[in-house]
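Here are a few short exercises to work through with the structure open beside you. Try each task before you read the solution under it.

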Amino acid sequence: MTNRTIISQVCRAALGGMLLLLACKPASAQRTVSGQSALALSAYYTGTSVGAEAFYQQYTLGGFWESGIFSTPNLHPLSSGDRLLNLYIGASGGYQWRLAATRSRSVDWYAGAGAFMGVEWLDPQRDLPSHIDLGVSDIRFLYGIYAKTVLELFVAPRFAIVLQGAVPVNFSSVTGYVHWQAGLGLKIMLN
């Protein structure tokens, strides 16, 4: 099986499970209030591979702020026929404004932006043949900004399924400046 086939099957299974959860459990009267905090764990697809992130979030009157860590692998084809793996590892933070919500806040839609910094690691597994010289350092400082949209679907008073899309803009990457992401995750309310 190819990576795309596996990822496609995982996404279909996750979507099917999410729909089953929503069909079997009535929506809760979850209300997100200012000062309430949450932990959000997500996996996301970048077009070539799957990354992961973990965020601590705290709600305000008009949305929530977030701070967390991420790991994003990317595969890039080379003219030699090989593929270069580069890995982004870092920390990020930003703010998401509430655009729409149900009265009970069991479904919320947010959009916002933030900044990130970390390292870009080229060929971390040393898969490229030794005769290929990239001409740059293997580990580089990474920084940039991101735009993001998030849809929360609360399936229980303390748990929500999160669908999200993001567009990070990397100002220091040697492999590309703009990468899109589509993600699926779980949000756990902490208080």
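**Exercise 1. Find tryptophan 121 and decide whether it is buried, partly exposed or exposed.**

Solution. Start with the address: tryptophan 121 sits in strand S5. Keep in mind that you're looking at a predicted model. Next, take its relative accessibility, which is 32%. Buried would need under 20% and exposed over 50%, so at 32% tryptophan 121 counts as partly exposed. Now check the company it keeps: leaving aside neighbours within four places in sequence, tryptophan 121 touches Leu85, Asn86, Leu87, Ile89, Asp138 and Ile139. Last, pick phenylalanine 141, which is 20 residues away from tryptophan 121 in sequence; C-alpha to C-alpha, the two are 9.0 Å apart.

**Exercise 2. Do the same for isoleucine 188: which strand holds it, and which residues does it contact?**

Solution. Isoleucine 188 belongs to strand S8, residues 181-189. Its relative accessible area is 24%, so isoleucine 188 is partly exposed. Skip the neighbours within four places in sequence, and the contacts of isoleucine 188 are Ala38, Leu39, Arg158 and Phe159. For a longer jump along the chain, try tyrosine 56: it is 132 residues from isoleucine 188, yet their C-alpha atoms are separated by 9.9 Å.

**Exercise 3. Classify the ring pair made by phenylalanine 64 and tyrosine 110.**

Solution. First, the general recipe: a ring pair is described by how far apart the centres are and by the angle of the planes. Here the protein has eight aromatic pairs. For phenylalanine 64 and tyrosine 110, the centres are 4.8 Å apart and the planes meet at 70°. Planes over 60 degrees apart count as edge-to-face, so this pair is edge-to-face. Then look at where the partners come from: phenylalanine 64 is in strand S3 (residues 63-77) and tyrosine 110 in strand S5 (residues 107-122), so to speak a link between distant parts of the chain, 46 residues apart. Add Tyr59, and you have one aromatic cluster with Phe64 and Tyr110. One more thing to spot is lysine 187, which lies over the face of phenylalanine 64, 4.2 Å from the ring centre.**Exercise 4. Which residues make up the largest nonpolar core?**

Solution. Begin with the two ring partners. Phenylalanine 64 has 0% relative accessibility and counts as buried; tyrosine 110, also at 0%, counts as buried. Both belong to the largest nonpolar core, which has nine residues: Ala38, Tyr59, Phe64, Tyr110, Val150, Phe154, Ala160, Val162 and Met189. Strands S6 (139-156) and S7 (159-170) are the elements that give two or more residues to this core. Apart from it lies another core of six residues, including Tyr44, Tyr88, Phe116 and Leu142.

**Exercise 5. How many helices and strands does the protein have, and where is the pLDDT below 50?**

Solution. Count one helix and eight strands. Along the sequence they run α-β-β-β-β-β-β-β-β. Of the 191 residues, 40% count as buried. Now for confidence: the mean pLDDT is 81, and 71% of the residues reach 70 or more. Residues 22-30 have pLDDT below 50, although the model gives this stretch 21 contacts beyond near neighbours in sequence. Where pLDDT is low, the predicted coordinates shouldn't be read in detail.

Conventions:
Residues numbered from 1 in each chain as written. Predicted model: local features only at pLDDT ≥ 70, side-chain atom pairs only at ≥ 80, totals over all residues. Heavy atoms only, no water. Core = buried A, V, L, I, M, F, W, Y, C linked by side-chain atoms within 4.5 Å. Buried < 20%, exposed > 50% of the residue type's maximum accessible area, 1.4 Å probe, protein only. Helix = DSSP H or I, 4+ residues; strand = E, 2+ residues; numbered from the N terminus. pLDDT = per-residue confidence, 0-100. Contact = heavy atoms within 4.5 Å. Phe/Tyr/Trp six-rings, centres within 6.5 Å; stacked < 30°, edge-to-face > 60°. Lys NZ or Arg CZ within 6 Å of the ring centre and 35° of its normal.
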